[in-house]
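Reader: I would like to go through this model with you and ask, at each step, what a given label rests on. Please set the value beside the cut-off wherever the reasoning needs one.

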Amino acid sequence: MIAIILFFRRPADIPRLQFFGSLPIQQNWKFSVSVLKPFLTISSIMAVLGLSVAPALATPTQYPLTLENCGATVVFPKAPERAVGLGQNSAEIMLMLGLEDKMVGTAFWPSKVLPELAQANAKVKLLTVEFPTFESILAQNPDFVAAALPTLIGPTSKVAKREDFEKVGVPTYLSPSTCLSTDKVKNEYGSRDQLWNMDLLYKEIDELSQIFDVADRGQALIADFKKREAALRSSVSKDGKTFSYVFWFSSQSPSADAYLGGKNAASGFIADLLGGKNAITAEAEWPTLGWEGVIAANPDVIVVASLDRNRWELDKPEAKIKFLNTDPAVSQMPAVKNKAIVVMDGQAMNPTVRTLYGAEQVAEQLKALGLLK
């Protein structure tokens, strides 16, 4: 029999342990272990006891906190108390971190809030599901603004620019995933020369959790996402084929060009995560392409976005699917004939916390179609 001595030490010196089985669960019990069999490792002792080591407690934020964010140096004298989530991704990350009591407003929601966040989100004022005005943001007397897109606080934004917020003493934070150069393309979304990956999202979660001094919550959220990402990475097609994908966000009309997920955008990441590739090779984050070009790309799978904003008729997935099946030319595409059409949350085509949810949606439908194992 192995003799084990448990004794309490200073919380800062020891890991958190979580109990399973017949022992009571206490997330915050803190103690160290010494054993009379020196050749046994700590991990083997944990296995004997049925214990698992949780991530160590994150270091509390030391203010003033200085961050380099998308080319700007931002200083936070203290944790924000009146934050605005400008853009769905920024708002949902803060809600996932349990910060609804620190939020005074949100705006710009292409899709409805995640169901598991609905109750928390109901506590926060919705300014608009579209672009808000600068005045409507300032009316909330914010002490921090987190923005999901440069179109919301970037140099060409019609809402406001970062310097506009600086002039009134409000620090801002822009999602690292959307800090893109516009040199190669002439639109506000920019282009990406490397495939987006979840590390940029993890950086965003980590930094927002530091800003609000809830780093423990941030690390727990990152750990959950990493586990789900690893599970999806094992996805493979049943016949070993590498599928090519087209991700169709929306179009103003059936005759208009389609807004598609670019080669290195979140859509490309989803394709790669599922063992495939993006059939669209443009480096632009959101290239537009006529249907002749889409037909020429000849994807194996067409992913259509579901949007709640109702700006255009083709925001609706059923409208997209009807067009794909009835247009004389488009309906002849092999992907359409093979019914390899799946629906995904449109917000997940942006590089956001939704991207992983979107990948899970696509994988589940492809498995139901017999295309993925």
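Reader: Where does Pro-64 lie?

Author: This is a predicted model, and in it Pro-64 is in the loop between strand E4 (52-53) and strand E5 (65-69). The peptide bond that joins Tyr-63 to Pro-64 is cis, with omega at about 0°.

Reader: Which loop holds Cys-70, and what is the sign of its phi?

Author: Cys-70 belongs to the loop between E5 and strand E6 (72-76). Its phi is near 50°, which is a positive value in a residue other than glycine.

Reader: Why is Cys-70 called partly exposed, rather than buried or exposed?

Author: The relative accessible area of Cys-70 is 33%. Buried would require a value under 20% and exposed a value over 50%, so Cys-70 falls in between and is partly exposed.

Reader: Where is Asn-298 found, and what makes it count as partly exposed?

Author: Asn-298 is found in the loop between H10 and E16, and phi of Asn-298 is likewise a positive value near 50° in a residue other than glycine. The relative accessibility of Asn-298 is 40%; since partly exposed covers what is neither under 20% nor over 50%, Asn-298 counts as partly exposed.

Reader: How do you know which class Pro-334 falls in, and how far is it from Asp-300 in sequence and in space?

Author: Pro-334 has its place in helix H12, and with 41% relative accessibility it counts as partly exposed, the bounds again being 20% and 50%. Pro-334 and Asp-300 are 34 residues apart in sequence, and their C-alpha atoms are 7.2 Å apart in space.

Reader: What makes Glu-360 partly exposed, and which residues is it in contact with beyond its neighbours within four places in sequence?

Author: Glu-360, in helix H13 (residues 354-368), has a relative accessibility of 26%; buried requires a value under 20%, so Glu-360 counts as partly exposed instead. Leaving aside the neighbours within four places in sequence, Glu-360 is in contact with Arg-228 and Leu-232, where contact means heavy atoms within 4.5 Å. From C-alpha to C-alpha, Glu-360 and Met-344 are 9.2 Å apart, with their positions 16 residues apart in sequence.

Reader: Which residues of helix H11 are buried, and how do you know on which side of H11 they lie?

Author: In H11 (residues 317-326), the buried residues are Pro-317, Ala-319, Lys-320, Phe-323 and Leu-324. Around the axis they cover an arc of only 160°, and therefore they are on the same side of H11. In general, an α-helix has 3.6 residues a turn, so residues three or four places apart point the same way. Exposed residues Glu-318, Lys-322 and Thr-326 are carried by the face of H11 turned away from its buried side.

Reader: What covers the buried residues of H11?

Author: The cover includes strand E12 (244-250), helix H10 (291-297), strand E16 (301-306), helix H12 (334-337) and strand E17 (341-345).

Reader: Turning to empty space, why is one space called a pocket and another a cavity?

Author: A cavity holds points where a 1.4 Å probe fits but cannot get out, whereas a pocket is an open set. The largest pocket has about 620 Å³ of space and is lined by 24 residues, with Phe-108, Phe-131, Glu-188, Tyr-189 and Arg-311 nearest its centre. That lining divides into 13 nonpolar, 6 polar and 5 charged residues.

Reader: How many cavities of 30 Å³ or more are there, and what classes of residue line the largest cavity?

Author: The count comes to 2 cavities of 30 Å³ or more. The largest cavity has a volume of about 80 Å³, and its lining has 5 nonpolar, 8 polar and no charged residues. Among the 13 residues of that lining, Ala-148, Leu-149, Gln-347, Asn-350 and Thr-352 lie nearest the centre. The second largest cavity has about 60 Å³ of space, and the residues that line it include Leu-149, Tyr-189, Arg-192, Glu-285 and Asn-350.

Terms used. Residues are numbered from 1 along each chain as its sequence is written. This is a predicted model: local features need pLDDT of at least 70, side-chain atom pairs count only at pLDDT 80 or more; totals for chains, interfaces and linings use all residues. Side-chain values use heavy atoms; hydrogens and water are left out. On a 1 Å grid over the protein atoms alone, a cavity is a set of points where a 1.4 Å probe fits but cannot get out, and a pocket is an open set with protein on both sides within 12 Å along at least five of seven lines; lining residues have an atom within 4 Å of a point. Grid points are joined across faces, edges and corners, and a volume is the space filled by probe spheres set on the points. Ala, Val, Leu, Ile, Met, Phe, Trp, Tyr, Cys and Pro count as nonpolar, Asp, Glu, Lys and Arg as charged, and the others, Gly among them, as polar. Buried means under 20% relative accessible area, exposed over 50%, partly exposed in between (1.4 Å probe, protein chains only). Helices (H or I, at least four residues) and strands (E, at least two) are DSSP runs, numbered from the N terminus. The arc is that of the directions from the helix axis to the C-beta atoms.
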